[in-house]
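Welcome! Please open the structure in your viewer and keep the selection tool at hand.

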Amino acid sequence: MESLKKLIVLTGAGMSAESGIATFRGAGGLWEGHRVEEVASPSAFLANPGLVLDFYNHRRKNVLDSEPNRGHVILKELEDNFNVTIITQNVDDLHERAGSSHIIHLHGELFKARSTADPSLIFKIDGTDLNLGDKCPKGSQLRPHIVWFGEGVPLMEDAIMEVESAEVIIVVGTSMQVYPAASLVEFAKPGVPIYLVDPNPPKVSIKNLQIISKGASEGLALVASSISPW
Ligand code: APR
C-alpha cells in the first residue's frame with residue numbers, strides 16, 4: 001500500500017472556540033482583569049503562585065466542562081485518508097478526546113504538572129486542581145506543565161521537522177501573533193498548499209495560501225472535502 005499523504009494541522013485557540021473555550025485575544029481578552037501575559041509567566045508565578053495556579057484551575061474546569069467540536073472530529077476523520085499530525089498551541093485535551101493520534105502540544109498541557117526542581121518530573125493531573133503545597137517526590141512545588149511567556153518551546157524542533165515534511169498544511173484559529181509558533185509555516189516546502197481557516201483571518205503574507213473565512217467546523221468541512229489524498 002502506498003503511504004498516505006502527510007497532512008500537518010496547526011491549531012490555535014480558535015479551534016476550541018466552538019467548544020466554549022474563550023480565545024486569548026478576543027473581545028476583552030482578560031481573565032478576572034488580568035492580561036494573559038500577567039498570569040502566564042515565570043515572574044507571575046514567582047510573585048503570586050496562588051493566583052497563577054488558580055488561573056489554571058479555572059481553565060481546567062472550563063475544559064472538563066467542554067466537549068470536542070465538529071472541527072476536532074473532522075481532524076480525527078482525516079486520518080482515514082492522510083497521515084495527520086496536529087501541532088497545537090492549545091493546552092486543552094480536546095484533540096485527544098476527539099481521537100486524534102499524533103498531537104504535538106507546543107505550549108504544554110493543562111492536565112499535566114511538573115516539578116519546579118526537576119523539569120523531567122511530569123505528572124498527570126486528575127480533576128481540576130493544582131494547589132500551593134502540592135509537591136513532587138523531591139519536595140518541590142508542582143507547577144502547570146505549560147510554556148509560559150518568556151520560556152523556551154522545547155517541542156519547536158520536532159514541530160519544524162513535521163512542517164518541513166508536510167505535503168498539505170491546514171492552519172486553524174490562530175492569530176499568528178505568538179512566536180515562535182507563528183513562524184512554523186515558513187518551514188513549509190515551496191509549493192505545499194496551505195489552508196487558513198479563521199472567521200477573522202490574520203493578515204499574513206504566505207505563498208500558496210487559501211483563506212477560508214469560516215469557523216473551525218464549517219471551514220474544516222470545506223477543506224476536508226476539497227483536499228485530495230492523492
Ligand atoms: N473557528 C476558528 N477560528 C476562530 C474561531 C472559530 N470558531 N473563533 C475565533 N477564531 C480565531 C480568531 O479570529 C483568532 O484569529 O482564532 C484566533 C485566536 O487567536 P488568539 O486568541 O490569539 O489565540 P492563539 O493564536 O492560539 O494564541 C497563541 O498565545 O496566550 C498565548 O500561549 C497562548 O497558545 C496561545 C498563544
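The tour below visits the domains, then their shared boundary, then the ligand. Keep in mind that this is a predicted model.

**Stop 1: the two domains.** Select residues 1–21, 68–107 and 153–230 and give them one colour; this is domain 1. Now select 22–65 and 108–146 for domain 2. The centres of the two domains, taken over C-alpha atoms, are 25 Å apart.

**Stop 2: where the domains touch.** Domain 1 brings 17 residues to the contact, and domain 2 brings 13. About 1,200 Å² is buried between domain 1 and domain 2, with carbon and sulfur atoms giving 57% of that area. Next, pick out Ala13, Ile21 and Val91 in domain 1: these residues lose the most area to domain 2, and together they account for 44% of what the domain 1 side buries. The residues of domain 1 that touch domain 2 comprise six nonpolar, seven polar and four charged. What holds for polar pairs and salt bridges here? Between domain 1 and domain 2 there are zero salt bridges, while three residue pairs are in polar contact across the interface.

**Stop 3: the ligand.** Select the ligand and show its surroundings: 21 residues surround the ligand, and the closest are Ala13, His107, Thr174, Ser175 and Asp198. Zoom in on serine 175, where a polar side-chain atom sits 2.5 Å from an oxygen atom of the ligand. Move on to aspartate 198, which places a polar side-chain atom 2.6 Å from a ligand oxygen atom. Then look at glycine 14, whose polar backbone atom is 3.3 Å from a nitrogen atom of the ligand. On its own the ligand has 740 Å² of accessible area, and the protein covers 89% of it.

Terms used: Residues are numbered from 1 along each chain as its sequence is written. This is a predicted model: local features need pLDDT of at least 70, side-chain atom pairs count only at pLDDT 80 or more; totals for chains, interfaces and linings use all residues. Side-chain values use heavy atoms; hydrogens and water are left out. Domain bounds come from an automatic or database domain assignment. Contact means heavy atoms within 4.5 Å. Buried area is the accessible area (1.4 Å probe) that two parts lose on being put together, summed over both. A salt bridge is a side-chain nitrogen of Lys or Arg within 4 Å of a carboxyl oxygen of Asp or Glu. A polar contact is a pair of N or O atoms within 3.5 Å; within protein, one must be able to donate a hydrogen and the other to accept it, and residues adjacent in sequence count only if both atoms are side-chain atoms. Ala, Val, Leu, Ile, Met, Phe, Trp, Tyr, Cys and Pro count as nonpolar, Asp, Glu, Lys and Arg as charged, and the others, Gly among them, as polar. A residue is near a molecule or strand if one of its heavy atoms lies within 4 Å of it. Accessible areas come from the Shrake-Rupley method with a 1.4 Å probe; for residues, only the protein chains shown count as cover.
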